[in-house]
Amino acid sequence: MTTIYIDESGHSGDMVDSGAGYDFKRQPYFALAGVGLQDEEEWDERLQALRDRHRIPSGEPGARSLVSRPEFSAAVIHALLDRRAPLFVELVDKRYFICSCITSFQLLPSCLGYPESMRLEFLRNAVADFLHAHADAQVLDSFVASCLTPEAGTLHASFASLRDLATHTAEEEEEAAAQVAKGFGRIVEAANTEYHALSEAQHQPWLEFLPPPELNTSSTQAWTLPNLTSFMRIYARIHLYYRHCLADVRLVHDQNFEVQRILGQGKAAAEGADRAMELLCTLPSDHRFEEVAALDFRQSHEAAGVQMAEVVAGATMRFFRDLHAGTGVCPELREAMMRLISEGDERTGYGLKQVVPTRQVRIGAEEAWA
């Protein structure tokens, strides 16, 4: 049996708890890592050897130690890559995540009837990129309000803010951006027209343009939790990696009572081929489950695998955060992260998936931010 250990870094709550000006309390990125181990005793010894080499105290690595010793994080990543251990990482720009939710659920929802295809995926990315580049806090606030209080009035307000965004951008930006804004405006009008058509024949039609309400926690929309969507994406990638054979795969997440029920619900939704799963699980992934994996929770100090997942998730989050902020990045960690990116394989789901604006996707060690 293979155990995939999962842990996160950079989680600051639901997307509606976004901090002042959507700075997400100075945590703009979220990372979730899954590390697959078969011989756990052997990996225990390897991890201890790396701790000794980098003078990391035994037991749980701890976030403070990882910040002060990025070379240790780099060594862990290299060790996993050297042995081609199953490795699945999701890196999420939280503001872009909200823009993607607006795109998938409000502007290009399933009720419009567009078939899933690479062309549709390209369109979703283009729309989310436009929103990330041009949407102000009012646009994001309006969408969040429509999620928190799902009704006709809040959805109308969200559509109105999107329409205003298209108009103002078309009037104020240069020709290329203005043309994109006009196309964006047509998408807004198409979604709004479909909503009014549904209003004549359907009870609570606004729910067709919002994240699914059946996965609520504490009266908020569960799809606005980045850890849930990242977990579902990683699960679908694991399913792809193991070619639908999950009977001998076990998922172990760091024990966190706040999210255990939510992740259990997300796993069930993924296995049930929920329509939202198709919207959220972009390539590389496979959400047509034939077998399912077990899901368990353990304290991080009890499992070396959870500690290694913590290291990978934390290193990924801090690398992208510091790179984006223009602060110094440890050369050893940069080399390890660029190797993690370059050795990814979309055919199998292995490696790092970046849920970030297209212009900020990293593809090689020599590439600078656009």
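Modeller: A salt bridge here is a side-chain nitrogen of Lys or Arg within 4 Å of a carboxyl oxygen of Asp or Glu. The model is a predicted one.

Biologist: Fine. How many salt bridges does the count come to by this rule?

Modeller: The count comes to 11 salt bridges.

Biologist: Start with Arg237. Which residue does Arg237 form a salt bridge with?

Modeller: Arg237 pairs with Glu90, and the closest N and O atoms are 2.9 Å apart. The two come from distant parts of the chain, with Arg237 in helix 9 (residues 226–241) and Glu90 in strand 3 (residues 87–93), 147 residues apart.

Biologist: Is Arg237 buried or exposed?

Modeller: Arg237 is buried, and Glu90 is buried too.

Biologist: And Asp296, what does Asp296 form a salt bridge with?

Modeller: With Arg250, where the closest N and O atoms are 3.9 Å apart. Asp296 is in strand 5 (residues 294–298) and Arg250 in strand 4 (residues 249–254), so this salt bridge ties together parts 46 residues apart in sequence. Asp296 has 32% relative accessibility, so it counts as partly exposed.

Biologist: What about Glu271 and Lys267, where do they lie?

Modeller: Both are in helix 10 (residues 257–271), four residues apart, which is about one turn of the helix. Their side chains form a salt bridge at 2.6 Å, N to O. Glu271 is partly exposed, with a relative accessible area of 23%, while Lys267 counts as buried at 10% relative accessibility.

Biologist: Which residues are linked in a network of salt bridges?

Modeller: Asp82, Arg84, Arg339 and Glu343 are linked in one.

Biologist: Where is Arg84 found?

Modeller: In the loop between helix 3 and strand 3. Arg84 has a positive phi of about 50°, although it is not a glycine.

Biologist: Why does Arg84 count as partly exposed?

Modeller: Because its relative accessibility is 38%, and partly exposed covers values between 20% and 50%.

Biologist: Which other non-glycine has a positive phi?

Modeller: Arg55 has one, at about 60°. Arg55 sits in the loop between helix 1 (40–54) and helix 2 (63–68), and counts as exposed at 71% relative accessibility.

Biologist: Back to Arg84. Asp345 touches it, I see. What else is Asp345 in contact with?

Modeller: Leaving aside neighbours within four places in sequence, Asp345 is in contact with Arg84 and Tyr350. Asp345 lies in the loop between helix 13 and strand 6 (351–355). At 16% relative accessibility, Asp345 counts as buried.

Biologist: Now helix 3 and helix 13. At what angle do they pack?

Modeller: Helix 3 (residues 70–82) and helix 13 (residues 331–342) pack at about 30°, with their axes 8 Å apart. That makes helix 3 roughly parallel to helix 13. The crossing of the two is left-handed.

Biologist: Which residues make the contact?

Modeller: From helix 3, Pro70, Glu71, Ser73, Ala74, Ile77, His78, Leu81 and Asp82. From helix 13, Glu332, Leu333, Glu335, Ala336, Met337, Arg339 and Leu340.

Biologist: How do the residues of that contact divide?

Modeller: Eight are nonpolar, two polar and five charged.

Biologist: Whole chain, then. How many helices and strands?

Modeller: The chain has 13 helices and six strands. Of its 370 residues, 55% are buried.

Biologist: And what share of the contacts is between residues 24 or more positions apart?

Modeller: Such residues account for 77% of the contacts in the chain with a separation of 6 or more.

Key. Residues numbered from 1 in each chain as written. Predicted model: local features only at pLDDT ≥ 70, side-chain atom pairs only at ≥ 80, totals over all residues. Heavy atoms only, no water. Axes fitted to C-alpha atoms, helices over the stretch in contact; angles between N-to-C directions. Parallel < 35°, antiparallel > 145°, perpendicular 65-115°, else oblique. Left-handed = near helix turned anticlockwise from the far one by under 90°. Contact = heavy atoms within 4.5 Å. Nonpolar A, V, L, I, M, F, W, Y, C, P; charged D, E, K, R; others polar. Buried < 20%, exposed > 50% of the residue type's maximum accessible area, 1.4 Å probe, protein only.
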